[in-house]
Amino acid sequence: MMSERKVTAVDPTEMERQRVIMQRIKENNDIDYQRSGNNKSFHIITFGCQQNNADSERLKGMLMHMGYEETDNRNTADVIIINTCCVRENAELKLFGNIGALKNLKKDRPDMVIAVCGCMMEQEHAVEAIKKKYRHVDLVFGTHNLYKFPELLERSMNEKYTLIDIMNTDGIIVEDIPIKRDEKHKAWITIMYGCNNFCSYCIVPYVRGRERSRKPEDVVKEIEALAADGCKEVTLLGQNVNSYGKDLDNPVDFADLIRLVNNIDGIERIRFMTSHPKDISDKLITAMKDCRKVCEQLHLPFQAGSNKILKAMNRKYTKEEYLEKIQKVKAVMPDISLSTDVIVGFPGETDEDFEETLEIIREVEFDQAFMFIYSKRKGTPASEMDLQVNEDQKHKNFDKLVKLQNEVSKKLNDLYLGKIVEILVDGVSKKDSSKYTGRTRTGKVVNFSGEGDLTGKLVNVKITEIHSWFLNGEMSTNN
Ligand code: SF4
């Protein structure tokens, strides 16, 4: 396991320096364009969670500032970046498969740049593997020095060997990194980085570092600019948003922050994730109720129903405490849609322990559950625990859990039939181009037919048909 890291602040002029480099690369790319008539291009492959997607949006923003344009075609791209994740199962296999597939491309086009970044690059063994076996990779960098990408890209273009830059500190928040957002009407806003919780199965605190919060004024400034540009929905993002602000000099907690965001003109919907049950406070629940723009949706991972397993997971709450918080939330927001994460087959889990997980699913009635079969993550305490559950048992229990959750989801979805719901329209459905698709405030996907360009608009839709993973509807006359 990697050691605890020292927290230090980054020099505020650092981003200025990166901007100068971005401009220099852009000027070179412009000259190249005048010569060839072709813009330089980039292709980013992103694995993992929303935080990685947010990081990729920053990489895209910086590349566009440098005169590159995005392409879907990795065969012609001048820069290919693989943004890795070490949380999901088989992540290394997938990564090395992807890197291996780029070898011939690099042979044919030696001037192209292949970069690998993201949380897996914070693990020494993964970087060592790239050094030894994948020498066609030009650049490796981690999660803490993403802001240095322009400098690293420029240096790697002049290096013969793989340039590796993993920063051994995590006390960094750099503002004003250019961002190219994938959508205009909604945005993910990182409000904090890292995690202090050290759940025993999780690698995140080792690869993303300790909790550090952005200043509220910076968060608000970013959202105000987005709202002025037509953004209607923001999702406030962090590994544990409920502990936002604990490290700030001026005390502003997450409940205060959502009130500030609620006051921003133009923003119509506020969501947030992920919440840790131990940190969700009465003050936050009251703020959720008071703030009109906060959507009736809460993702609150419970992970396991047995107190013995919760303790072994180092989750720092009991089943009873979890259920009490759920009751409080439901009491003030009766229409709330709840979702959760569940792990099946954590070391030491018996049939009785698993039965307690099922009890929570029955009692709370989550609209959605993200269910995982436990598998070892190198470098975590749980990977060294005795009593690993056998694979057959894990799969049998997992199937039981999925079956139960599907029944609960169906029951809750059925309640929507005939209802008129507000939809923020995401665009034309990928599966059926004659339909629009969007989400309710509670996060349900709804497909419906509509006239004109509705993307980014809030419309009322009457639900006419229920499916397991989406709902169908028609535009309500009430628009
Ligand atoms: S709260 Fe636990 S599961 Fe979530 S990121 Fe932190 S350590 Fe991982």
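1. Two residues are taken to be in contact if their C-beta atoms, placed from the backbone, lie within 7 Å. On that basis, the buried residues of helix α3 pack against β3 (79-84) and β4 (113-118). The model under discussion is a predicted one, and the points below should be read with that in mind.

2. Helix α3 spans residues 91-101, and its buried residues are A91, L95 and I99. These cover an arc of only 55° around the axis, and therefore sit on the same side of α3. An α-helix has 3.6 residues a turn, so residues three or four places apart point the same way. The face of α3 turned away from the buried side carries the exposed residues L93, G97, G100 and A101.

3. Helix α6 (residues 149-157) has F149, P150, L152, L153 and S156 buried. Viewed down the axis of α6, the buried residues fall within an arc of 165°, so they line one face of the helix. Their packing partners are α1 (14-36), α2 (50-65), β4, β5 (139-141) and β6. Strand β4 thus appears in the packing of α3 and also in that of α6.

4. The domain assignment divides the chain into domain 1 (14-165), domain 2 (183-295), domain 3 (303-414) and domain 4 (420-475). The centres of domain 1 and domain 2, taken over C-alpha atoms, are separated by 28 Å. Domain 1 gives 11 residues to the contact and domain 2 gives eight residues. On the side of domain 1 that touches domain 2, there are four nonpolar, six polar and one charged residues.

5. Which residues surround the ligand? They are C195, N197, F198, C199, C202, V204, P205, Q239, N240 and H276. By class, this shell divides into six nonpolar, four polar and no charged residues.

6. The peptide bond from M273 to T274 is cis, with omega near 5°. T274 is placed in the loop between β11 (269-273) and α10 (282-290). A reviewer may wish to look at this bond in the model.

7. Two residues that are not glycine have a positive phi: D176, at about 65°, and Q303, at about 70°. D176 lies in the loop between β6 (163-165) and β7 (186-190). The loop that holds Q303 runs between β12 (297-299) and α11 (307-312). Are these residues buried, exposed or partly exposed? D176 is partly exposed, because 14 other C-beta atoms lie within 10 Å. Q303 has 24 other C-beta atoms within 10 Å and is therefore buried; the cut-off for a buried residue is 20 or more.

8. Strand β16 (residues 436-439) is joined to strand β17 (residues 445-449) by four bridges, and the two run antiparallel. R439 has V445 of β17 as its bridge partner. Together β16 and β17 make a hairpin with five residues between them, and G443 in the turn has a positive phi of about 90°.

9. Strand β17 is also joined by four bridges to strand β19 (residues 471-475), and this pair runs parallel. N447 stands opposite N472 in β19. Strand β17 is therefore paired with β16 in antiparallel fashion and with β19 in parallel fashion, since two strands pair if DSSP finds at least two bridges between them.

10. I420 is found in strand β15 (residues 420-428). With 14 other C-beta atoms within 10 Å, I420 is partly exposed. Leaving aside neighbours within four places in sequence, I420 is in contact with N460, K462, S476 and N478. One of these partners, K462, is 42 residues from I420 in sequence and 4.3 Å from it in space, C-alpha to C-alpha.

11. N406 is found in helix α14 (residues 391-414). Why does N406 count as exposed? N406 has 12 C-beta neighbours inside 10 Å, and a residue is exposed if there are 12 or fewer, so N406 falls in that class. N406 and A369 are 37 residues apart along the chain, and their C-alpha atoms are separated by 9.1 Å.

Key:
Residues numbered from 1 in each chain as written. Predicted model: local features only at pLDDT ≥ 70, side-chain atom pairs only at ≥ 80, totals over all residues. Near = placed C-beta within 6 Å. Nonpolar A, V, L, I, M, F, W, Y, C, P; charged D, E, K, R; others polar. Arc of directions from axis to C-beta. Domains from an automatic or database assignment.
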